[in-house]
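Trainee: Could you walk me through this fold? I'd like to take it piece by piece.

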Amino acid sequence: AEDGIRTVERSRGLGDVYKRQTNTLISTTAAMAITTVSATSKNERNLFRIVRNYAIILSAMGKEFNPSNIKLIIGLGNPERKYADTYHNAGYMFIDFLKSKPRAVGCRLQVTDTPMNQSGASVKKMLEQSGEAPEHLLIVHDDSDISLGSYKVSFGRGSAGHKGVQSVIDRLGTNKFWRLRIGVRAQDEKRKADDFVTTKVKSSHRRTLDNVFREITGRIQSGD
């Protein structure tokens, strides 16, 4: 889980949401750092953590999501037929949704053609072919830490245990790219991620995802 990052409310624009996320991250991290300084100022290990936290703050400051800067959107998932319409393929579903809407967005839309845990190979190849920098890339994937019906936009963050995202970070050699994280955990879902993300999406949950996709698409089109 990533402390200090708020769940995106569907009524907010993506740019506004990211500014709120950044402000929350800054205030939370700063408070943690100040507490650590006062309690353990002589401990070199904690001092290193303080410096690292402030580096995160500086990295986040001024970085606002602007849909018009995105040139390539890649959905993560598993290409094998048995994984079609599973929660883990939320990234594929979003790309399919965009492709079903003519002129929905003005950038290249692609999906990986490797297993989820090897996503980095596909993403690196597609990014190199596009000639774009990672900062202009938006990766779309499922996130079991986010409630179904919600989503988050992140930049420069760790994978939080998502193996597909970690593969992308490893192969690109950077985490300085945008991520659209689609929530797939239903309110009553108590199982570990590995036990449910490769199961078929329930029909009611699919309707919820489609509503989320529709909302995100509208935000991208408006440049909000």
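What follows is a chat about the sheet, the helices around it and two serines.

Trainee: Before we start, what kind of model is this?

Mentor: Keep in mind that no experiment sits behind these coordinates. The model is predicted.

Trainee: Okay, the sheet. In what order do its five strands come?

Mentor: It's an open sheet, and the pairing is mixed. For instance, strand 1 (residues 72–75) and strand 3 run parallel, whereas strand 4 and strand 5 run antiparallel. Reading across the sheet, the order is 2-1-3-5-4.

Trainee: Which strands stand at the edges?

Mentor: Look for strands with a single partner strand, because those have one side left without a neighbour in the sheet. That picks out strand 2 (108–111) and strand 4.

Trainee: And by how much are neighbouring strands turned against each other on average?

Mentor: Ignore direction for this one, as the sheet has mixed pairing. The average turn between neighbouring strands is then 30°.

Trainee: How many bridges join strand 3 to strand 5?

Mentor: Strand 3 has partners in both strand 1 and strand 5. With strand 1 there are four bridges, and glycine 75 has valine 140 as its bridge partner. With strand 5 (residues 178–185), leucine 138 stands opposite tryptophan 178, and serine 147 is partnered by arginine 185. That parallel pair is joined by seven bridges.

Trainee: Is strand 3 largely enclosed or open to the outside?

Mentor: Count its buried residues: strand 3 covers residues 137–147, and nine of those 11 are buried. Strand 5 is mostly covered too, with seven of its eight residues buried. So with that count, strand 3 is largely enclosed by the rest of the structure.

Trainee: On the other side of strand 5, which residue is the bridge partner of tyrosine 151?

Mentor: Strand 4 and strand 5 run antiparallel and share five bridges. Tyrosine 151 has its partner in strand 5, and that is isoleucine 182.

Trainee: Strand 4 also has serine 154. Is that residue buried or exposed?

Mentor: Serine 154 lies in strand 4, which spans residues 151–155. Buried means under 20% relative accessible area. Serine 154 comes in at 4%, so call it buried.

Trainee: What does its side chain make a polar contact with?

Mentor: The distance for this contact is 2.7 Å, side chain to side chain. The partner of serine 154 is arginine 181.

Trainee: Now serine 68. How does its relative accessible area come out?

Mentor: You'll find serine 68 in the loop between helix 2 (44–60) and strand 1. Its side chain has a polar contact of 2.7 Å with the side chain of asparagine 66, and its C-alpha is 9.2 Å from that of histidine 136, 68 residues apart along the chain. Serine 68 is partly exposed, with a value of 47%.

Trainee: On to the helices. What covers the buried residues of helix 3?

Mentor: Helix 3 (residues 90–99) has eight of its 10 residues buried, among them Tyr92, Met93, Phe94 and Phe97. Their cover includes strand 1, strand 2, strand 3, strand 5 and helix 7.

Trainee: At what angle do helix 4 and helix 5 pack?

Mentor: Helix 4 takes in residues 119–130 and helix 5 residues 163–172, and their axes are 7 Å apart. The packing angle is about 50°.

Trainee: Why is helix 4 called oblique to helix 5?

Mentor: Roughly parallel needs an angle under 35 degrees, and roughly perpendicular takes 65 to 115. About 50° fits neither of those ranges, so helix 4 counts as oblique to helix 5. Among the residues making the contact are Val123 and Leu127 of helix 4 and Val168 and Leu172 of helix 5. As for handedness, the crossing is right-handed.

Trainee: What else do the buried residues of helix 5 pack against?

Mentor: The buried set includes Val165, Ile169 and Leu172. Just after the helix, glycine 173 takes a positive phi of about 75°. Besides helix 4, the buried residues of helix 5 pack against strand 3 and strand 5.

Methods:
Residues numbered from 1 in each chain as written. Predicted model: local features only at pLDDT ≥ 70, side-chain atom pairs only at ≥ 80, totals over all residues. Heavy atoms only, no water. Helix = DSSP H or I, 4+ residues; strand = E, 2+ residues; numbered from the N terminus. Buried < 20%, exposed > 50% of the residue type's maximum accessible area, 1.4 Å probe, protein only. Polar contact = N/O pair within 3.5 Å; in protein donor to acceptor, adjacent residues only side chain to side chain. Pairing = 2+ DSSP bridges. Axes fitted to C-alpha atoms, helices over the stretch in contact; angles between N-to-C directions. Parallel < 35°, antiparallel > 145°, perpendicular 65-115°, else oblique. Left-handed = near helix turned anticlockwise from the far one by under 90°. Contact = heavy atoms within 4.5 Å.
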